[in-house]
Amino acid sequence: MVWRTPQEIEEIKRRFLRHYPQARTELDYRNLYELLVAVILSAQCTDKRVNLITPKLFERYPDVASLARAERREVEELIRSCSFFKNKAKYLIEMAQMVMERYGGEIPGDERELMKLPGVGRKSAHVVMIEYFGKNLMAVDTHVFRVAHRLGLSDSKTPKGTEEDLVMAFRSDLPRLHQAMVLFGRYICTARTPKCSDCFLSDLCESDEKGE
Ligand code: SF4
């Protein structure tokens, strides 16, 4: 549930869009395949770390077809510095195999189809649709969840409920708002000691975690 007034929501939205006019993911990618792989790797892992891993991975496996034929051990070795690398290596290969078998080698541009792929949950599918296709969807990661709650835009206990609250509150410009909230949560409204003195929303924030 959102307890903000429509005017406050509009003001929060306006400020996010003004401060992050070109917000986009910090993951490096050149095409849909690379974005999907990077998003799968980024679960519980920083974008910085993923960007260190992917150049060698994409050199060895430049497309879905090559990844579908990969040896699991070899993929594990290449992504070893990523958290949960064993599971992720398995998911990456299974994802590529399913794309080859079920989708003729074309990664689907639809969030419901993406969610059928191994290693791709609701948040990851939405991130891909937002970033690559600009679809008007919200994706809730740890940053978006925290920011939405601190700003009184949701009181839901789950990412899906928070996503629904944000969609109902903002309605339009969701791709840019998603990216803006990720960057805002990563660099300003951080989990520990948020930088409230640098915050462009501090006059609208009534969070208990608000500091000086
Ligand atoms: S004032 Fe502090 S806690 Fe509130 S939104 Fe800004 S950074 Fe986050």
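Among contacts in the protein chain between residues at least 6 apart in sequence, what share joins residues at least 24 apart? In this predicted model, the share is 59%, and the legends below take up the whole chain before turning to single residues.

**Figure 1. The protein chain as a whole, built from eleven helices and zero strands.** Following the sequence from its start, one meets the pattern α-α-α-α-α-α-α-α-α-α-α. The radius of gyration of the protein chain is 18 Å, close to the 17 Å that the globule rule gives for 212 residues, so the chain is as compact as a globular protein of that length. Along its principal axes, the C-alpha trace spans about 55 × 30 × 30 Å.

**Figure 2. Burial and surface of the protein chain.** Of the 212 residues in the protein chain, 53% are buried, a word that here stands for a relative accessible area under 20%. The accessible surface of the chain comes to about 11000 Å², and carbon and sulfur atoms account for 50% of that surface.

**Figure 3. Charged side chains of the protein chain.** The chain carries 34 positive side chains together with 32 negative ones, and when the centre of each set is located, the two centres lie 2 Å apart.

**Figure 4. The cysteines Cys199 and Cys205, both shown with their surroundings.** Cys199 has a relative accessible area of 16% and is therefore buried, since the cut-off for that word is under 20%. Cys205 likewise counts as buried, because its relative accessibility is 16%. The count of disulfides in the model comes to zero, where a disulfide would need a pair of cysteine sulfur atoms within 2.5 Å.

**Figure 5. Gln44, in the loop between α2 (32-41) and α3 (47-60).** Phi of Gln44 is near 60 degrees, which is a positive value in a residue other than glycine. Is the side of the chain at Gln44 buried or exposed? Gln44 counts as exposed because its relative accessibility is 65%, and the word applies to values over 50%.

**Figure 6. Thr193, in the segment after α11 (174-187).** For Thr193, a residue other than glycine, phi again takes a positive value, in this case near 40 degrees. The relative accessible area of Thr193 is 68%, so this residue is exposed under the cut-off of over 50%.

Notes
Residues are numbered from 1 along each chain as its sequence is written. This is a predicted model: local features need pLDDT of at least 70, side-chain atom pairs count only at pLDDT 80 or more; totals for chains, interfaces and linings use all residues. Side-chain values use heavy atoms; hydrogens and water are left out. Helices (H or I, at least four residues) and strands (E, at least two) are DSSP runs, numbered from the N terminus. The radius of gyration is taken over C-alpha atoms; the globule rule is 2.2 Å times the number of residues to the power 0.38. Buried means under 20% relative accessible area, exposed over 50%, partly exposed in between (1.4 Å probe, protein chains only). Contact means heavy atoms within 4.5 Å. Accessible areas come from the Shrake-Rupley method with a 1.4 Å probe; for residues, only the protein chains shown count as cover. Lys and Arg count as positive and Asp and Glu as negative; His and the chain ends are not counted. The place of a charge is taken as NZ of Lys, CZ of Arg, CG of Asp or CD of Glu.
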